[in-house]
Amino acid sequence: MGTIFYRIEQDLKAGRKKKACDRLRNLINEFPDDLSLREKLAQIYYDSGFKDEAGKFWILSEPQNFEMKEAVEIYRNSLSNSGNAILKDIVFRGDKTQLSEYAKNILKELETDSFKKTKRIPDFKRKQREKGNYTESKDSFFSNVGFYLLIGGIILLPFLGLVKLGEIIGSIFSK
């Protein structure tokens, strides 16, 4: 993961903030329990002037300064402080038991508000990726034969067309 952070730093130094944000979003998807990734992404958004987007990624972090509080408040207001809308927007797929007490309380508050207003709580499951467990598709003998017949037909068609054309021209001149 160290090389990814190096690339992110290089992207930021070169002014490629979108690329850095994309890399961080991919890391968040891969490691949803690591809130520090969300905090780094939020800082990039805040520095770029996107306070509401920064608040989206800071919402689960305990406010450490006025900027964080302001951004989270702007974000909450942009979604009318709706727990359901916020939960759908932040899409937390991580393990809630690994979060800090502050983050657990925020999620609990949002879930309670969502259930009170909509009678449901959005639930996002962690993406299951089985590494190294990919199997080749098992094609049947007939599908392989059909494929090769199709390719052979495509190759043979122009040749047969030329032969037929030769027969037609030959029949015209032989009369």
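In this predicted model, Phe 50 comes out as partly exposed, with a relative accessibility of 47%. Its ring partner Tyr 45 sits at 13% relative accessibility and so counts as buried, since the cut-off for that label is under 20%. The two rings have their centres 6.5 Å apart, and their planes stand at 85 degrees to each other, so this pair is edge-to-face. Edge-to-face is the right label here because it applies to planes over 60 degrees apart. Phe 57 joins in as well: together with Tyr 45 and Phe 50 it makes up one aromatic cluster.

Searching the whole structure turns up 4 aromatic pairs. Another of them brings together Phe 147 and Tyr 148, with ring centres 5.5 Å apart and planes at 65 degrees, so this pair is edge-to-face too. As for accessibility, Phe 147 has a relative accessible area of 47% and is partly exposed, while Tyr 148, at 60%, is exposed. The cut-off for exposed is over 50%, which is why Tyr 148 gets that label.

Aromatic rings also meet a charge in this model. Lys 40 lies over the face of Phe 5, and the distance to the ring centre is 4.1 Å.

Turning to the helices, two packed helices are described by the angle between their axes and the distance between the axes. For helix 6 (residues 83-90) and helix 7 (residues 101-118), the angle is about 125 degrees and the axes are 7 Å apart. That makes helix 6 oblique to helix 7, because the angle falls neither in the 65 to 115 range for roughly perpendicular nor over 145 for roughly antiparallel. On the helix 6 side, the residues that take part are Gly 83, Asn 84, Ile 86, Leu 87 and Ile 90. They meet Leu 107, Leu 110, Glu 111, Asp 113, Ser 114 and Thr 118 in helix 7. By residue type, this contact between helix 6 and helix 7 is a mix of 5 nonpolar, 4 polar and 2 charged residues.

Two residues from that contact, Ile 86 and Leu 110, turn up again around Arg 76. Arg 76 belongs to helix 5 (residues 66-78). With a relative accessibility of 10%, Arg 76 counts as buried. Setting aside neighbours within four places in sequence, Arg 76 is in contact with Ile 59, Asn 81, Ile 86, Ile 106, Glu 109 and Leu 110.

Notes
Residues numbered from 1 in each chain as written. Predicted model: local features only at pLDDT ≥ 70, side-chain atom pairs only at ≥ 80, totals over all residues. Heavy atoms only, no water. Axes fitted to C-alpha atoms, helices over the stretch in contact; angles between N-to-C directions. Helix = DSSP H or I, 4+ residues; strand = E, 2+ residues; numbered from the N terminus. Parallel < 35°, antiparallel > 145°, perpendicular 65-115°, else oblique. Contact = heavy atoms within 4.5 Å. Nonpolar A, V, L, I, M, F, W, Y, C, P; charged D, E, K, R; others polar. Phe/Tyr/Trp six-rings, centres within 6.5 Å; stacked < 30°, edge-to-face > 60°. Buried < 20%, exposed > 50% of the residue type's maximum accessible area, 1.4 Å probe, protein only. Lys NZ or Arg CZ within 6 Å of the ring centre and 35° of its normal.
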